[in-house]
Each structure stands twice: as structure tokens, then as C-alpha cells.
Amino acid sequence: MNRITCDWAANRGNPKGQIVLVLFRLAHRVRSLPDPWWLLGAPYLAFYRLLVEWLLGIELRFKTVVGPGLRLYHGQGLVVHERSVIGENCTLRHGTTIGNKSAEDSDCPILGNDVDVGAQAIVLGAVRVGNGAVIGAGAVVVKDVPAGATVAGNPARIIREPRRAD
Ligand SMILES: CC(C)(COP(=O)(O)OP(=O)(O)OC[C@H]1O[C@@H](n2cnc3c(N)ncnc32)[C@H](O)[C@@H]1OP(=O)(O)O)[C@@H](O)C(=O)NCCC(=O)NCCS
């Protein structure tokens with residue numbers, strides 16, 4: 001429930017994001033039930049895939065581990081591999097892809113907390129994105145991003161270093 005409340009607050013003024021995240025949290029909850037109990041929720045999982053993934057084009061797989069307070073702006077064309085991990089209070093925008101480098105490769109990105117991902121950004125492979133990092137629109141991230149850094153471009157490079165604590 002806490003996650004739903006945090007998502008709701010994070011997406012204030014954005015009813016689409018709020019509703020999609022409620023649907024996602026319920027689907028994640030159902031899929032997290034032990035075998036074979038989750039199968040009782042299979043019709044709901046099918047509904048989630050049809051509505052959110054197929055019709056709305058927001059591929060936020062219900063197995064994905066996502067921290068509370070996810071902000072989802074627009075959402076269209078979002079693809080998040082289910083092995084990826086999204087930390088707390090992150091922001092994802094439309095056209096973003098977070099996933100593996102190839103179909104044979106199961107390594108997926110791990111995003112820390114408070115990570116802001118720009119529109120059309122792509123984050124690939126076994127990369128770690130540190131807390132508070134900002135990924136610019138259209139960036140292609142294939143290497144780790146330090147906490148607090150801003151990266152942009154293809155391949156993504158640091159355009160703003162993390163702020164030093166005085
Ligand atoms: C990355 C970002 C946060 C940087 O913003 P900023 O801190 O204000 O940075 P600046 O505009 O001062 O740019 C700094 C440098 O990075 C470059 N840059 C900024 N964003 C870039 C991007 N997305 N891709 C490539 N280069 C970028 C600028 O051209 C500038 O280069 P220069 O120093 O050679 O002139 C921002 O540009 C961005 O991409 N935000 C994503 C937001 C988004 O997706 N919005 C969609 C709304 S629907």
C-alpha cells in the first residue's frame with residue numbers, strides 16, 4: 001500500500017501515471033504470490049498486459065522490482081526489462097528503454113534512488129546508475145553512471161560532475 005501511496009503522490013497532477021502505477025503494483029503483487037497461487041490472478045495479469053503493455057505501449061513488466069515513488073511521464077514507448085531494478089523516487093519518461101544488450105544476455109541495469117531518466121534514453125546491460133544521477137534525453141548509457149552525475153549523448157558521457165559536499 002505504501003508503494004501505491006508514494007507513486008500516487010509522485011505523480012500528482014498526472015492521472016495516467018497514477019493509474020498505470022496502481023495497475024502495475026497490483027500486477028507485481030499478484031505475480032509475487034507463491035506458486036501456484038499467482039495463477040489465480042492470471043486473468044488480471046493478462047488484463048494488465050493487454051491494457052498497459054499492448055494498448056498504452058508502456059512495457060513495465062509486472063515482475064520488475066521498482067522502488068516506491070516512481071514518476072512516469074507520458075509513458076508511451078517505455079520498455080523496461082523485467083530483470084532491471086529501479087530504485088526509489090525515480091523518473092522515467094516516454095521512449096525510454098532499460099534492458100539487456102542482446103537477447104542472449106540476461107544482465108540488466110540497476111538504477112539507484114532518485115534517478116531521472118530523460119525521454120528516449122537507452123540504458124543497456126550490466127550498468128549501475130548511482131543515486132541522484134540524471135540521464136539526458138536521447139542518451140545511450142552503456143557504462144556505470146556515478147551518483148549525482150549528469151550524463152548525455154551517445155555513448156553517454158558526463159556533462160556535469162557530481163556536486164561535492166563542502
Ligand atoms: C541532460 C539535461 C538534464 C541537462 O540539462 P542542463 O543541466 O540544463 O544542461 P545544459 O543545457 O546546461 O547543457 C550542458 C551541455 O550538455 C549538452 N546537453 C544537454 N542535454 C543534452 C542531451 N540530452 N544530449 C546531448 N547533449 C546535451 C548541452 O548542449 C551543453 O553542451 P555544451 O556545454 O557543449 O554547450 C537536459 O538537457 C535533459 O536532457 N533533460 C531531459 C528532460 C527530458 O527528457 N524532457 C522531456 C520532457 S517531455
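This is a guided tour of the structure above, with a suggestion at each stop of what to select and what is there.

The model is predicted, so local features are described only where pLDDT is at least 70 and side-chain atom pairs only at pLDDT 80 or more, while totals for chains, interfaces and linings use all residues. Residues are numbered from 1 along each chain as its sequence is written, and side-chain values use heavy atoms, with hydrogens and water left out.

**Stop 1: the ligand**

Select the ligand and the residues around it, where a residue counts as near if one of its heavy atoms lies within 4 Å. There are 13 residues in this shell, and G118, A119, A137, I159 and R160 come nearest. By class, the shell has five nonpolar, six polar and two charged residues; here Ala, Val, Leu, Ile, Met, Phe, Trp, Tyr, Cys and Pro count as nonpolar, Asp, Glu, Lys and Arg as charged, and the others, Gly among them, as polar.

Now look for polar contacts, which are pairs of N or O atoms within 3.5 Å (within protein, one atom must be able to donate a hydrogen and the other to accept it, and residues adjacent in sequence count only if both atoms are side-chain atoms). A polar backbone atom of A119 is 2.8 Å from an oxygen atom of the ligand, and a backbone N or O atom of A137 also lies 2.8 Å from a ligand oxygen. In R160, a polar side-chain atom lies 2.3 Å from an oxygen atom of the ligand. Taken alone, the ligand exposes 920 Å², of which the protein buries 40%; such areas come from the Shrake-Rupley method with a 1.4 Å probe, and for residues only the protein chains shown count as cover. Two elements, strand 14 (150-152) and strand 15 (157-160), give two or more residues to the shell; helices (H or I, at least four residues) and strands (E, at least two) are DSSP runs, numbered from the N terminus.

**Stop 2: the loop between strands 14 and 15**

Stay with these strands and select P155, found in the loop between strand 14 and strand 15. The peptide bond joining N154 and P155 is cis, with omega about -5°.

**Stop 3: helix 2 and what follows it**

Select residues 15-31, which form helix 2; at 1.5 Å a residue its 17 residues should span 24 Å, and its end C-alpha atoms are 24 Å apart, which agrees. The expected span is 1.5 Å times one less than the number of residues. Several residues of this helix are buried, including V20, L23 and F24, where buried means under 20% relative accessible area, exposed over 50%, and partly exposed in between (1.4 Å probe, protein chains only). The helix's buried residues pack against helix 1 (2-10), helix 3 (42-55), strand 1 (58-60), strand 2 (65-66) and strand 3 (71-72).

In helix 3, select V52, which counts as buried because its relative accessibility is 0%. Leaving aside neighbours within four places in sequence, V52 is in contact (heavy atoms within 4.5 Å) with V20, L23, G57 and I58. The loop between helix 2 and helix 3 holds P36, and the peptide bond from D35 to P36 is cis, with omega near -5°.

**Stop 4: three loop residues**

Is T64, in the loop between strand 1 and strand 2, buried or exposed? T64 counts as buried, at 0% relative accessibility. H74, in the loop between strand 3 and strand 4 (78-80), is partly exposed at 48% and has a positive phi of about 65° although it is not a glycine. Finally, select N89, whose phi is near 55° and whose relative accessible area of 33% makes it partly exposed.
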